[in-house]
Amino acid sequence: MGKVKDADSNKGGIADAERVSLLQDTAIATVRVGKDAKSWILHKSLLTRHSPFFAAALNGSFKEATSNTVELDDDDPESFQLFVQWLYTGEIKADLNDLPTKACRAWALGDKLQCPAFQNSAMLRLIRYHRDEFLTEDTMRLIYTISPPESKLRKFAVGQLCWDRSCEKKHPFKAVEIMAVEDFNRDLLECFLFGGRAVEDPSDEASPYLEVVDVEKRRMERDISRV
């Protein structure tokens, strides 16, 4: 089985040439996340460069541009911590408890922040995890709760399920338990009709599940093909 590796084109983290300028960069922004308003004080330039959501909020005509404070009341602080980690280091650490849940929620946060490179980092974590583990009903239900129809996250979930069920090992997933989840039946049927047993192992071919960012995606596909 092929191995999926993170690619440099995830574009998170701080380039060597950028480190000195960031030390001198006094433009900061405060981001408060969740009902308890957990706060992060971050470099404004990093936020706005990687996220059109933050660029619009902090550079536009909204009140956030004046206060340099963004409130994300409905979001998960743990997911945002992963975004901050990725923002400054370029990666999402692999040693996470309950990785599927955290990676899925990180992907959903990236969708809101309009940061496809962060979504791709979360997706690669998810794919790597399921190289050795079956996708569970709980993970599938979460994915269909937090992601929009036709999303790459849903496409991965159903593709992984089709691949798991095509393997010789007995798969414990009970599709009937989530039949009531909206859109799941349609997506599963499409997968079996147009993919079925011929569907590829996501850990061998990850590119269909990566967000389309032209240069980034080409580099990531090249990185995956090297293994």
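Helix axes here are lines fitted to C-alpha atoms over the stretch in contact, and the angle between two of them runs from 0 to 180 degrees between N-to-C directions. With that in hand, here are the close-ups of this predicted model.

**Figure 1. The whole chain, for orientation.** Let's start with the overall layout. The chain holds 11 helices and 3 strands. Read from the N terminus, its elements follow the order α-β-β-α-α-α-β-α-α-α-α-α-α-α. Of the 227 residues, 48% are buried. Among contacts with a separation of 6 or more, 70% join residues 24 or more positions apart.

**Figure 2. Helices α6 and α7 cross at roughly 160 degrees.** Their axes come within 8 Å of each other. Angles over 145 degrees count as roughly antiparallel, so α6 is roughly antiparallel to α7. The crossing of this pair is left-handed.

**Figure 3. A closer look at the contact of α6 with α7.** Which residues of α6 meet α7? They are Leu 99, Pro 100, Ala 103, Cys 104, Ala 106, Trp 107, Gly 110 and Asp 111. On the other side, α7 brings Phe 118, Gln 119, Ala 122, Met 123, Arg 125, Leu 126 and Tyr 129. Sorted by class, this contact has 11 nonpolar, 2 polar and 2 charged residues.

**Figure 4. Gln 114 in the loop between α6 and α7.** This loop joins the topic of the previous two views. Gln 114 lies between α6, which covers 99–113, and α7, which covers 116–129. Most residues other than glycine have a negative phi. Gln 114 is not a glycine, yet its phi is positive, at about 60 degrees. With a relative accessible area of 43%, Gln 114 is partly exposed.

**Figure 5. Glu 150 and Ser 151 in the loop between α8 and α9.** Here are two residues to view side by side. The loop that holds Ser 151 runs between α8 (137–146) and α9 (152–166). Glu 150 has its place in the loop between α8 and α9 too. Buried or exposed: which word fits Glu 150? Glu 150 counts as exposed, because its relative accessibility is 64% and the cut-off for exposed is over 50%. Ser 151, in contrast, counts as buried at 8%, since buried means under 20%. The backbone of Glu 150 also has a positive phi, near 70 degrees, in a residue other than glycine. As for Ser 151, its C-alpha is 9.7 Å from that of Asp 111, a residue 40 positions away in sequence. Asp 111 is one of the α6 residues that meet α7.

**Figure 6. Helix α9, largely enclosed by the rest of the structure.** α9 has 15 residues and spans 21 Å from its first C-alpha to its last, close to the 21 Å expected at 1.5 Å a residue. Why is this helix described as largely enclosed? The reason is that 12 of its 15 residues are buried. Among them are Leu 153, Phe 156, Ala 157, Val 158, Leu 161 and Cys 162. The buried set also includes Lys 152, Arg 154 and Asp 164.

**Figure 7. Pro 202 in the loop between α10 and α11.** Our last stop is a proline. The loop that holds Pro 202 lies between α10 (184–194) and α11 (214–225). Pro 202 is buried, with a relative accessible area of 0%. Its C-alpha and that of Trp 163 are separated by 7.9 Å, although the two residues are 39 apart along the chain.

Notes: Residues numbered from 1 in each chain as written. Predicted model: local features only at pLDDT ≥ 70, side-chain atom pairs only at ≥ 80, totals over all residues. Heavy atoms only, no water. Helix = DSSP H or I, 4+ residues; strand = E, 2+ residues; numbered from the N terminus. Buried < 20%, exposed > 50% of the residue type's maximum accessible area, 1.4 Å probe, protein only. Parallel < 35°, antiparallel > 145°, perpendicular 65-115°, else oblique. Left-handed = near helix turned anticlockwise from the far one by under 90°. Contact = heavy atoms within 4.5 Å. Nonpolar A, V, L, I, M, F, W, Y, C, P; charged D, E, K, R; others polar. Expected span 1.5 Å × (residues − 1).
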